[in-house]
Structure formats: structure tokens, C-alpha cells
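Q: I am a first-year student and would like to take a close look at one part of this protein, with the rest of the fold described around it. Please go slowly and connect each step to the one before.
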Amino acid sequence: VIADTEPLHFAALRQVLAGIDISLTEQEYYTDYLGFDDRGCFLAALQSHQRQALPTLLGELMDRKAQAYLSTVRAIFPGVRELVHDAAARYPLAIASGALRNEIELILEEAGLRKAFLHITSAEDVTRGKPAPEPFLHAMAALNRQPSQLALTPDDCLVIEDSLPGIRAARAAGMKVLAVANTHTVQDLGEADAITHSLADTRLSDLRSRLWGPA
């Protein structure tokens with residue numbers, strides 16, 4: 001959602017899988033793997049090729065993929081900085097991502113956005129990634145532990161997502177979700193409460209009024 005990382009995740013995943021003689025096409029990635037965390041991607045790939053998913057092998061594959069990915073991080077999407085700074089001035093913000101913590105930290109630091117987020121939930125923090133609701137509920141609980149923070153309920157929360165597993169995780173958590181058509185078409189994202197082509201076209205006041213009614 002923040003950075004144009006999906007092509008990079010695909011390239012790194014394909015590179016690592018090729019090292020264990022598993023091929024992955026771009027169509028397969030965007031159809032079957034998009035939205036899963038790294039562990040989920042490798043589990044799915046190993047299972048689909050009747051390979052044993054030993055914990056030691058999974059750890060090695062995830063480490064290799066992280067190294068390949070971090071060497072190729074690109075620019076963030078248009079409108080992200082503006083929206084994040086606007087939101088951080090009004091609301092507590094958290095990241096709930098299937099990426100590894102060092103990947104998230106790198107992107108946020110390079111974008112100058114790290115201080116805008118009070119908490120990061122990464123792949124290491126949960127046992128069940130998206131489409132399970134655990135990442136979003138974990139992030140909300142962490143925000144509720146912040147000093148002077150009013151208690152949030154799921155209905156107070158807006159999730160911004162660009163994948164179907166992410167949208168379904170947000171809905172399962174009882175949260176409203178804005179989908180951004182970064183990696184899917186608008187037609188594919190119909191399960192979200194609202195959809196935008198770009199965060200550059202998104203205004204918080206419009207979203208609040210649309211999803212929660214007039215203040």
C-alpha cells in the first residue's frame with residue numbers, strides 16, 4: 001500500500017524458489033500468492049509441489065527472500081506521504097503487514113514516514129497472517145496500549161489495503177476497509193467498504209463522512 005513492492009516480492013520469491021527447483025510465474029503469484037506473508041507464500045509453494053515444509057527450510061527460504069528483496073526497494077506510491085502526514089496529525093496510526101519488520105522499517109525510513117506510525121505489526125508478531133484477522137487486531141491492541149490513547153474498537157478503525165486477503169482480514173476483524181487499486185482492478189476489490197484508484201485522490205474527511213456519517 002505504501003511502496004510499489006509487489007513486483008519486488010514476486011521477483012525475490014521467484015528467485016529463491018528457483019533455487020529449490022520450483023518455478024513461479026507472474027500470473028500464479030498475483031492469482032494465488034498475493035497478500036500472503038512470506039511464510040504463507042513458501043508454505044503454499046512447497047505444498048503445491050508436494051515438498052515437505054520443514055521449519056528449518058522455511059526459515060532459510062525466508063532469509064534468502066528478505067536479502068533479495070531488500071536490495072531492490074523502490075519508490076513509494078503517489079499520495080502516500082500526504083495522506084499519512086494528514087492522518088497522523090488527527091489519528092493514531094499503525095502498520096499491520098505480512099512483511100518482515102526490517103523490510104517495513106527500511107521502506108518507512110526511506111520514505112520519511114517512520115515517525116508517523118505509533119506501532120508496527122509485522123510477520124514475526126502473529127501466528128496467522130492475512131486473511132486471518134490477527135494482524136489487524138494485534139495492531140489495534142498495541143495502539144490501545146499507547147499512553148493517553150482512548151480505547152479503540154474495531155468499528156473505529158479504517159484499514160487501507162490492496163489485496164483480497166488483506167480486505168478479508170480487515171472485514172473479519174470487524175474493521176472498515178479502503179481498497180487501493182494498486183495490484184488489483186477496482187472490479188476485483190468489491191468486498192471493501194470503499195475503493196480508490198490512488199491515495200493521491202483520497203481525502204480523510206470524505207472517507208469519514210462516507211463510512212461513518214457526518215461528524
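Which residue in β4 stands opposite I160?

A: The model shown here is a predicted one, and in it the residue of β4 that stands opposite I160 is L178. This pair belongs with the pairing of β3 and β4, which run in the parallel sense and are joined over four bridges.

To place these two strands, consider the whole sheet, which is open and has three strands in the order β3-β4-β5, with parallel pairing. Strands β3 (158–161) and β5 (194–196) stand at the edges, and because each has a single partner strand, one side of each is left without a neighbour in the sheet. Going from one strand to the next, the twist averages 20 degrees. Helix α8, which covers residues 164–172, packs on this sheet and touches both β3 and β4, and its direction makes about 170 degrees with that of β4.

Strand β4 also leads us to the interior. In soluble globular proteins, nonpolar side chains tend to be buried together. Here the largest nonpolar core has 30 residues, and those with the most contacts inside it are I2, V80, V84, I95, L108, L113 and F117. At least two residues of this core come from β4 (176–180), and the same holds for each of the helices α1 (6–18), α4 (55–70), α5 (80–88), α6 (101–111) and α9 (204–212). Apart from this core lies another, of 20 residues, which includes I20, L24, C41 and F42. One of these, C41, counts as buried because its relative accessibility is 5%, and C157 is likewise buried, with a relative accessible area of 13%. A search for disulfides, however, gives a count of zero.

L108 gives a closer view of the larger core, for if we leave aside its neighbours within four places in sequence, it is in contact with I2, I95, L113, R114, F117 and I120. One of these partners, R114, also forms a salt bridge with E105, in which the closest N and O atoms are 2.8 Å apart. E105 has a relative accessibility of 23%, so it counts as partly exposed.

Another partner of L108, I95, is also touched by H119, a residue with its place in strand β2. Not counting residues up to four places away in sequence, H119 touches L93, A94, I95, H138, A139, A142 and L143. With a relative accessible area of 14%, H119 is buried, because anything under 20% counts as buried.

Salt bridges appear elsewhere too, and a search of the whole structure finds eight of them. In one, R101 pairs with D125, with the closest N and O atoms 2.7 Å apart. This pair links distant parts of the chain, since R101 is in helix α6 whereas D125 is in the loop between β2 (119–121) and α7 (134–144), 24 residues away. Both ends are partly exposed, R101 at 28% relative accessibility and D125 with a relative accessible area of 28%. In another, R90 forms a salt bridge with D86, the closest N and O atoms being 3.1 Å apart; here R90 is partly exposed at 46% and D86 is partly exposed at 30%.

The loop that holds D125 has a further feature, for P131 is also found between β2 and α7, and the peptide bond from K130 to P131 is cis, with omega near 15 degrees. Most residues other than glycine have a negative phi, and most peptide bonds are trans. Two further residues depart from the phi part of that pattern: D21, although it is not a glycine, has a positive phi of about 65 degrees, and Q50, also not a glycine, has a positive phi of about 55 degrees. D21 is found in the loop between α1 and α2 (26–33) and is exposed, with a relative accessible area of 67%, while Q50 is found in the loop between α3 (38–48) and α4 and is exposed at 70%.

Finally, to return towards the strand where we began, L150 lies in the loop between α7 and β3. At 70% relative accessibility L150 counts as exposed, and, from C-alpha to C-alpha, it lies 28 Å in space from A111, with their positions 39 residues apart in sequence numbering.

Notes: Residues numbered from 1 in each chain as written. Predicted model: local features only at pLDDT ≥ 70, side-chain atom pairs only at ≥ 80, totals over all residues. Heavy atoms only, no water. Core = buried A, V, L, I, M, F, W, Y, C linked by side-chain atoms within 4.5 Å. Buried < 20%, exposed > 50% of the residue type's maximum accessible area, 1.4 Å probe, protein only. Contact = heavy atoms within 4.5 Å. Pairing = 2+ DSSP bridges. Axes fitted to C-alpha atoms, helices over the stretch in contact; angles between N-to-C directions. Salt bridge = Lys/Arg side-chain N within 4 Å of Asp/Glu carboxyl O. Disulfide = S-S within 2.5 Å.
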